[in-house]
Structures are given as structure tokens and as C-alpha cells.
Amino acid sequence: MSLAKRVKPHIAALEPYQPGKPIEALERELGIQDSVKLASNESPCGPSPRAVAALREALDSVHRYPDGASFELRSSLAQRLEVGPDQLVFGCGCDELLELLAKAFLGPGDEVVYAWPSFAMYPIVVQGMGATSLRVPLDAEMVHDLDAMAAAVTPRTRIVIVCNPNNPTGTSVGAEAFERFATSLPDDVVLVVDEAYVEYVRRPDFPDARSWVERRPGTAVLRTFSKIHGLAGLRIGYAIADPELASYLERARHPFNVNRLAEVAALAALDDQEHLERARRINREGIAYLERELRALGFEVWPSDANFLLVRVGWDVYEPLLREGVIVRPMAAFGLEDCVRLSVGLPEENERCVKALRRLLEARRQEDA
Ligand SMILES: *Cc1c(COP(=O)(O)O)cnc(C)c1O
């Protein structure tokens, strides 16, 4: 008997997530060294030294199960965020929190509204439950069209996701538009605000999604230690929600979904304000440098509140850049073949990327001449 007849059709039809190419893979394939990876929005500043020290100390106890309640991390974070400990849910990355939301609220026939292009995990978790995605195109400025998203909500809508700032465009929505949107949603629709990049935000009128957890029960704000905290390899993220919504996600998770090392490192990273400030500054300066240089080369660059830029180069530059030892994220999967998403690196990495792009541009001009 073939399993093809038994596997759930919506699982068989899933297109697996395409992660950024690891540096090791590129160097192996091309036989090169010293390549730079600006493809996965990882922190170029690495993890906090305090987190690394805490990890070293924790290594000898990995024979013990983690604290399934993440007591210390929960207490520390709850205090910082001024929420109750019962308003936090930890997961194996933000990705798992998306899955828990899907597991708790979605089945065949249910709908999820989100913008597109946006985070490529959304369609995967929705389809994973046999539910249906309603993708609402970004507006002409590549910003969430919240009015159109509100209009897309139907009686079958169970979850609405706002990715703010949005991946892969870096654009964000302001407090006023968000308020209009959040107040218009029916009470029984779960509002998910994915704030994976919130620590990088610069716009002064950025919505305070955390306060919406108080104002509108049924709201979950997702955050991660993968981006500015530099702990992507450990896999830990969290949701802030009202106690009722949090309790459903708690029921849906595995008891030890967050590993011991991740708990220890996250706790230490929270305390390292200096590292956080440095990462923020390196990013701010990197964004300014890249915007200036890329526009000078004639490329279109969208304004970004995150640690990456969406760049319209004008042709498919992903493979040529790989051969220059620069890994960026191709945007062809979003129908943006002439664009790439570029994560901000250290100054020398950003310069490598700009120089490679300049070389490719000049070579192309010479070919045309
Ligand atoms: C990176 C990212 C996440 C979080 O990823 P995890 O590593 O699973 O915590 C969530 N949402 C968006 C939009 C992201 O870009």
C-alpha cells in the first residue's frame, strides 16, 4: 500500500520553507572561503557574552530536563514587560508559537488573514492544519493594507496576523492605522502581532501592541530571541497574551518545548542591555550606509524599521552574488525576481556586499555596451 493515499492531502501539498543558505554549504559547493551571510536576518553582533558564559556553565547539566515552566525566565520577562507570568508562553522559536496558535484554533474550513508578501512560515502553519490562507496584497508602498485586511475578514476567519515590521519588506504600520484595524476586528478573531524585529524599530508612532493585549483579549504579540538577541541557533521565542489565550497555547505545547540551554541563554541575554544597545547601533548605522550606497547605485530601497532591507536591483542577482561569496535572500518565491532581501551585517560585511553589487552592475553595463 502506498502512503501517498494515506498522508493528509494538505500535508502532501506543503511546500517546505526555504531557509537562507548556510555559509558552510555555500563554501563547500563553490570551494570558496570568507563568504558573508546576509540572508537570515541574524545578528551580526553574535550572542551576548553574558549568554555565552551562562551557556558554558549550564553545559554540565544537560542530562537534566529543562524547567518546563521556564520559571526564572518567565519571572524576569514578566517583570520587564509589566505583565503577569500567566501572560507569557515560551516556544521553540516564534515559529513554534505560530504552530501552537494554528493547532489551537485552526482546522479545515477555517481561514487566516495575513498580508503578502510576508513571513513565509504563515502559509506553512495554516496549510499544516488544513486551513485556508487569505493573503491580502501589501499596498503600493509595500506596507500592510490594514483596511483591505479588515475587509477580508469573514465569519470563517479565526486568526489575523500583522507582521510589524514586516518581513521581507522591512516596512511597518503606525499606531493610528493599527488602532483602527484592531478595534474593527470581531472579538472572536485572534489577532496575532508578529514583532520579531520590534527592538530595531525607529518610527516614533510604532503601535504599542503589548498594550493591545490588555485592551483586546484574544491578542497575541510574538517576540523572539533569534534576531537582536543573537540566539537564533538555540530556538526560543515567546508570546504575550491575555491569560485565557495564553492558557490555550500552554495546553497545546509539549512540556519541554524550550530546551535548557535556550532558557539559560535567554535569561542572561535579557540582562545585557549593553549588547542590545550595540546591536541596535550597528544596525542603525548599517541601514543608513546601505540605503545611501544602494540608492547611489540606482537601486530602489524600501524604508526599513528592521535589520534588513528589501532592494530592487533590477535583475536576479541572487546567484551572481553567491559566486561573489555574498549570501542574500532571493525574493523570487514572492514574485519579486528582481529584488533581494539583504540583512544588515557588520560594516565590513556591508561593504563587501556593496562592492560585489557594484562589480556586478559594472559587468552588466559592459555587456550591454
Ligand atoms: C525570524 C522571524 C520570526 C522568528 O523566528 P524564530 O527564530 O522561530 O523565533 C518570526 N517572525 C518573523 C516575521 C521573522 O522574520
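How many helices and how many strands does the secondary structure of the chain come to? In this predicted model, the chain contains 14 helices and 13 strands. The radius of gyration is 21 Å, close to the 21 Å that the globule rule gives for 369 residues, so the chain is as compact as a globular protein of that length. Along the principal axes, the C-alpha atoms fill a box of roughly 65 × 60 × 50 Å.

With this overall picture in place, attention may turn to the ligand. The space that the ligand takes is the largest pocket. Around the ligand stand 13 residues, of which Cys94, Tyr197, Thr224, Ser226 and Lys227 come nearest. What is the character of the residues in this shell? They divide into 5 nonpolar, 4 polar and 4 charged residues. Among the elements of secondary structure, helix α5, which spans residues 93-105, gives the most to the shell, with 3 residues.

Individual atoms of the ligand can also be followed to their partners in the protein. An oxygen atom of the ligand lies 2.6 Å from an N or O atom in the side chain of Thr224, a residue already named among those that come nearest to the ligand. A nitrogen atom of the ligand is placed 2.7 Å from an N or O atom in the side chain of Asp194. With Asp95 the partner belongs to the backbone: a polar backbone atom of this residue is 3.0 Å from an oxygen atom of the ligand. How much of the ligand's accessible area does the protein cover? On its own the ligand has 380 Å² of accessible area, and the protein covers 94% of this.

The backbone itself deserves inspection at three places, which the reader may locate in the loops. The peptide bond that joins Trp116 and Pro117 is cis, with omega at about 0°. Pro117 belongs to the loop between strand β3 (111-116) and helix α6 (121-128). A cis peptide bond also leads from Asn167 to Pro168, and here omega is near 20°. Pro168 lies in the loop that runs between β5 (157-163) and α8 (175-184).

The third place concerns the angle phi. Which sign does phi take in Asn41, positive or negative? The value is near 55°, and thus positive in a residue other than glycine. Asn41 is located in the loop between β1 (36-37) and α3 (49-58).

Technical notes:
Residues numbered from 1 in each chain as written. Predicted model: local features only at pLDDT ≥ 70, side-chain atom pairs only at ≥ 80, totals over all residues. Heavy atoms only, no water. Near = heavy atom within 4 Å. Polar contact = N/O pair within 3.5 Å; in protein donor to acceptor, adjacent residues only side chain to side chain. Areas by Shrake-Rupley, 256 points an atom, 1.4 Å probe, with all protein chains shown as cover. 1 Å grid on protein atoms, 1.4 Å probe; cavity = no way out; pocket = protein on both sides within 12 Å on 5 of 7 lines; lining within 4 Å. Sits in = over half its atoms within 2 Å of the grid points. Helix = DSSP H or I, 4+ residues; strand = E, 2+ residues; numbered from the N terminus. Nonpolar A, V, L, I, M, F, W, Y, C, P; charged D, E, K, R; others polar. Rg over C-alpha atoms; globule rule 2.2 N^0.38 Å.
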